[in-house]
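Open the structure in your viewer and keep the sequence beside it, so that each selection can be found in both places. The tour goes from one residue outwards to its chain, and then on to the partner chain.

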Amino acid sequence: MARVIVDVMLKNEILDPQGKAVEGALARLGLAGVTSVRQGKSFSLELEGDIDESRLAQIHELAGSLLSNPVIEDYVIREDVR
Amino acid sequence: MSVTMRIGVVTFPGSLDDRDAARAIRIAGGEAIELWHGDADLHGVDAVVLPGGFSYGDYLRCGAIARFAPVMGPLVAAANGGLPVLGICNGFQVLCESHLLPGALVRNTDLHFICRDQRLRIENAHTLWTSSYAEGQEIVVPLKNGEGSYVADESTLDMLESEGRVVARYIGVNPNGSRRDIAGVANARGNVVGIMPHPEHAVEALTGPTTDGLGFFTSLLKGLVEA
């Protein structure tokens, strides 16, 4: 079994009001010096068998179409080796 | 001779405003045709409305899963071929996710779900969906969304402005942080329009704040008759 993690973050130029709200809460709870919080999504895909190149290409394709919207988000794919 | 125009309204799992959209079409004089998200074709309709609501529970991103529904394959192809398509609220989000319209709709700047009667200015009265209005006309229709903040990069916004593709703009207060107060945009050809507020909820004095929204539907019928 293989595991692939797809992390999706809003692009830097896109305002993240949820991250801002979390930033405010962290400060209120006493964490000093927080200058920015950005909130993203993480998808953990468990797959049968091994990851070969064509499968990885397919995951990239879907990470850039379904899992993220390239107009507002960037994604990073990493294989979770355990 | 009078031929009734057949306007499809797509129902996705979680669509809310499909009934109101169908009603607005009937009040404007068209025939509303129910389309199902799982349909593989458009049943020969003359135009399509993607209604408001929470397709697929707004999971992942608003409109992100609806974009891949079976009905969207033929819809995207037909829209690229000139079929008139109006996306309202969630329908606008689906059109952006489908790349039929540029930009995206993200969480309202103040994080609140907003529900109120909203004043708009019709900026482009030449699209298939806005020709019943006068350019610069002010209308009031309901607005209700949590993720209605229109965003696009600066060059896309400049292009939309210079090509007259900003269809409607919020006036008074910008309710959700939309860039340049944009409430609705069109594609280059003007057959595909997305709008965040709800014209279909303002077609009858009994249930709407005004009947200002009816113009979107009468515009289309007028255009199709003339075509």
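Leaving aside its neighbours within four places in sequence, which residues is I7(B) in contact with? Before you select anything, keep in mind that this is a predicted model. Now select I7(B) and, with its neighbours within four places in sequence left aside, you will find it in contact with I25(B), G30(B), E31(B), A32(B) and I33(B), and also with V45(B), D46(B), A47(B) and V49(B).

**The nonpolar core**

Keep I7(B) selected and add V48(B) and V85(B), since these three are the residues with the most contacts inside the largest nonpolar core, which has 74 residues. The largest share of this core, five residues, comes from helix α1 of chain B, which you can select as residues 18–28. As background, nonpolar side chains tend to be buried together in soluble globular proteins.

Within α1(B), colour the buried residues, which are D18(B), D20(B), A21(B), A22(B), A24(B), I25(B) and A28(B). One of these, I25(B), is also among the contacts of I7(B). Just after α1(B), step to G29(B), which takes a positive phi of about 105°.

**The sheet of chain B**

Next, show chain B as a cartoon and follow its open sheet of nine strands, whose order is β2-β1-β3-β4-β11-β10-β9-β6-β7 and whose pairing is mixed. The edge strands are β2 (residues 31–36) and β7 of chain B, each of which pairs on one side only. From one strand to the next, the twist of this sheet averages 25°.

Which way do the residues of strand β11 of chain B point? Select residues 192–195, and you will see V192(B) and G194(B) pointing one way while V193(B) and I195(B) point the other way, with all of them buried. This fits a general pattern, in which the side chains of a regular strand alternate between the two faces of the sheet.

Stay with β11(B) and look at the strands paired with it. Strand β4 of chain B, residues 85–88, pairs with β11(B) in the parallel sense over four bridges, and within this stretch I88(B) has I195(B) as its bridge partner. Strand β10 of chain B, residues 182–186, pairs with β11(B) in the antiparallel sense over three bridges, and here V185(B) stands opposite G194(B). The strands β10(B) and β11(B) form a hairpin with five residues between them, and in its turn you can pick out G190(B), which has a positive phi of about 85°.

Now move along to strand β6 of chain B, residues 114–122, which runs antiparallel to strand β7 of chain B, residues 138–145, with eight bridges joining the two. Along this pair, D117(B) stands opposite P142(B). Strand β6(B) is also joined by three bridges to strand β9 of chain B, residues 166–170, again in an antiparallel arrangement. Select R121(B) to see both pairings from one residue: its bridge partner in β9(B) is R169(B), and its bridge partner in β7(B) is E138(B).

**Across to chain A**

Before leaving chain B, show the contact between the chains, which takes twelve residues from chain B and nine residues from chain A. On the side of chain B that touches chain A, the residues divide into six nonpolar, three polar and three charged.

Now select chain A, which has two helices and three strands and follows the pattern β-α-β-α-β when read along the sequence. Its C-alpha trace spans about 45 × 30 × 15 Å along its principal axes. Its radius of gyration is 16 Å, whereas a compact globule of 82 residues would have one near 12 Å. Buried residues make up 11% of the 82 residues in this chain.

How are the three strands of the open sheet in chain A ordered? The order is β2-β1-β3, with antiparallel pairing. Strands β2 (41–47) and β3 (73–80) of chain A stand at the edges with a single partner strand each, so one side of each is left without a neighbour in the sheet. Neighbouring strands here are turned by 20° against each other on average, with direction ignored.

Strand β1 of chain A, residues 2–10, pairs with β3(A) in the antiparallel sense over eight bridges, and along this pair V8(A) stands opposite Y75(A). As a last selection, take helix α2 of chain A, residues 53–67, which packs on the sheet, touching β1, β2 and β3 of chain A, and whose direction makes about 145° with that of β3(A).

Technical notes
Residues are numbered from 1 along each chain as its sequence is written. Chains are lettered from A and ligands numbered from 1 in the order in which they are written. This is a predicted model: local features need pLDDT of at least 70, side-chain atom pairs count only at pLDDT 80 or more; totals for chains, interfaces and linings use all residues. Two residues are in contact if their C-beta atoms, placed from the backbone, lie within 7 Å. Ala, Val, Leu, Ile, Met, Phe, Trp, Tyr, Cys and Pro count as nonpolar, Asp, Glu, Lys and Arg as charged, and the others, Gly among them, as polar. A nonpolar core is a set of buried Ala, Val, Leu, Ile, Met, Phe, Trp, Tyr and Cys residues joined through C-beta atoms within 7 Å. A residue is buried if 20 or more other C-beta atoms lie within 10 Å of its own, exposed if 12 or fewer, and partly exposed in between; C-beta atoms are placed from the backbone. The radius of gyration is taken over C-alpha atoms; the globule rule is 2.2 Å times the number of residues to the power 0.38. Two strands pair if DSSP finds at least two bridges between them. Axes are lines fitted to C-alpha atoms, for helices over the stretch in contact, and angles run from 0 to 180 degrees between N-to-C directions.
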